[in-house]
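Reader: I would like a close look at one part of this structure, starting from a single loop and following it into the helix after it. Please keep the account plain.

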Amino acid sequence: MASPDTMHVSLPQIAKLIDHSLLHPTMTDAQIYEGLQIAKKHNVGAACVKPYSVPVAKEVLADSSVLVCAVIGFPHGNSTTAIKVAEAQEAVEAGADEIDMVVNVGKVLGHDWEYVTNEIRQINEAVVKDRRAVLKVIFENDYLSETHIEHLCRICSVLSVAFVKTSTGYGFVKQPSGLYTYKGATPAHLKLMRDSVGPQVQIKAAGGVRTLDDVLYVMSLGVTRIGATATEEILAEAVKRGISNTPTLVEVNVPGSDKA
């Protein structure tokens, strides 16, 4: 039996945990196409793309089990609810299997929970209509307190969204030095989210999950999907560590306290 600091895991299991992220604002069509080929090659869980890339993603991934995930209101969540709903509907019509939406952070910080709840409800209803897609709700935890995160988890549980997600990877916060950076998916926030959502809601960790040790550790915390740009590096390290297509016993190392 595996001890608390070990787990059995396979290479396909790790791959299916990954949403291969193709969201950097400077990515060209050629780079996005190349990224989709990587997602297909490794048979990851999903390729996460901006809305205009959904048709090409659907085409490239058509003969694979890789899902197409589109982001809306990305990365700052400031569009009107009507625009977010329309954006989500258009992405689903174009073939998206999953939608990652960003909450209106200002409304969360202002405790306008009625607005926040109604927005998530409308988008979730639009996405899951006829069971065509599922919704992941991005909190952008770097901007929020634990109380905000707990309240968002309760809202998402009541509305039965598919996933809650830590961050976009682009929620940069000004530091005392004047530089902007982010922490992303921290262990403390992941544990808080797991404790605060209902059992039917899954957790996606995004932002700062860059190594195999990061992946194994967030898995041990109950995360079932991660957003990653370092997909090939993570899977190469898994092979190097002896992880194969059959479940392999591996150590779970705790990464630095500043990230998950």
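Author: Pro-75 lies in the loop between β4 and α4. The model is predicted. In this loop the peptide bond that joins Phe-74 and Pro-75 is cis, with omega at about 5°. As a general rule, most peptide bonds are trans.

The loop leads to helix α4, residues 81-94. At 1.5 Å a residue, its 14 residues should span 20 Å, and the end C-alpha atoms are 20 Å apart, so the expected and the modelled span agree.

Which residues of α4 are buried? They are Thr-81, Lys-84, Val-85, Ala-88, Ala-91 and Val-92. These residues cover an arc of only 130° around the axis, which means that they sit on the same side of α4. An α-helix has 3.6 residues a turn, so residues three or four places apart point the same way. On the other side of α4, Ala-82, Glu-90 and Glu-93 are exposed.

What do the buried residues of α4 pack against? Their partners are α3 (54-60), β4 (67-72), β5 (98-102) and α6 (113-128). After α4 comes Gly-95, which has a positive phi near 125°.

Two of these partners can be followed further. Ahead of α6, the loop between α5 (105-109) and α6 holds His-111. His-111 is not a glycine, yet its phi is positive, about 60°. Most residues other than glycine have a negative phi. With a relative accessible area of 48%, His-111 is partly exposed.

The largest nonpolar core has 76 residues, and Ile-99, Ile-120, Phe-139 and Ile-226 are those with the most contacts inside it. Leaving aside residues up to four places away in sequence, Ile-120 touches Met-101, Val-103, Leu-135, Val-137, Ile-155, Cys-156, Leu-159 and Val-161. There is also a second, separate core of six residues, with Leu-23, Ala-46, Cys-69 and Tyr-170 among them.

Among the residues that Ile-120 touches are Ile-155 and Cys-156, and helix α7 covers residues 146-158. The axes of α7 and helix α8 (residues 187-196) come within 9 Å and cross at roughly 35°. This crossing of α7 and α8 is right-handed. On the α7 side the residues that meet α8 include Ile-149, Cys-153 and Ser-157, and on the α8 side they include His-189, Leu-192 and Ser-196.

Notes:
Residues are numbered from 1 along each chain as its sequence is written. This is a predicted model: local features need pLDDT of at least 70, side-chain atom pairs count only at pLDDT 80 or more; totals for chains, interfaces and linings use all residues. Side-chain values use heavy atoms; hydrogens and water are left out. Helices (H or I, at least four residues) and strands (E, at least two) are DSSP runs, numbered from the N terminus. The expected span of a helix is 1.5 Å times one less than its number of residues. Buried means under 20% relative accessible area, exposed over 50%, partly exposed in between (1.4 Å probe, protein chains only). The arc is that of the directions from the helix axis to the C-beta atoms. Contact means heavy atoms within 4.5 Å. A nonpolar core is a set of buried Ala, Val, Leu, Ile, Met, Phe, Trp, Tyr and Cys residues joined through side-chain atoms within 4.5 Å. Axes are lines fitted to C-alpha atoms, for helices over the stretch in contact, and angles run from 0 to 180 degrees between N-to-C directions. A crossing is left-handed if the near helix is turned anticlockwise from the far one by less than a right angle, and right-handed if clockwise.
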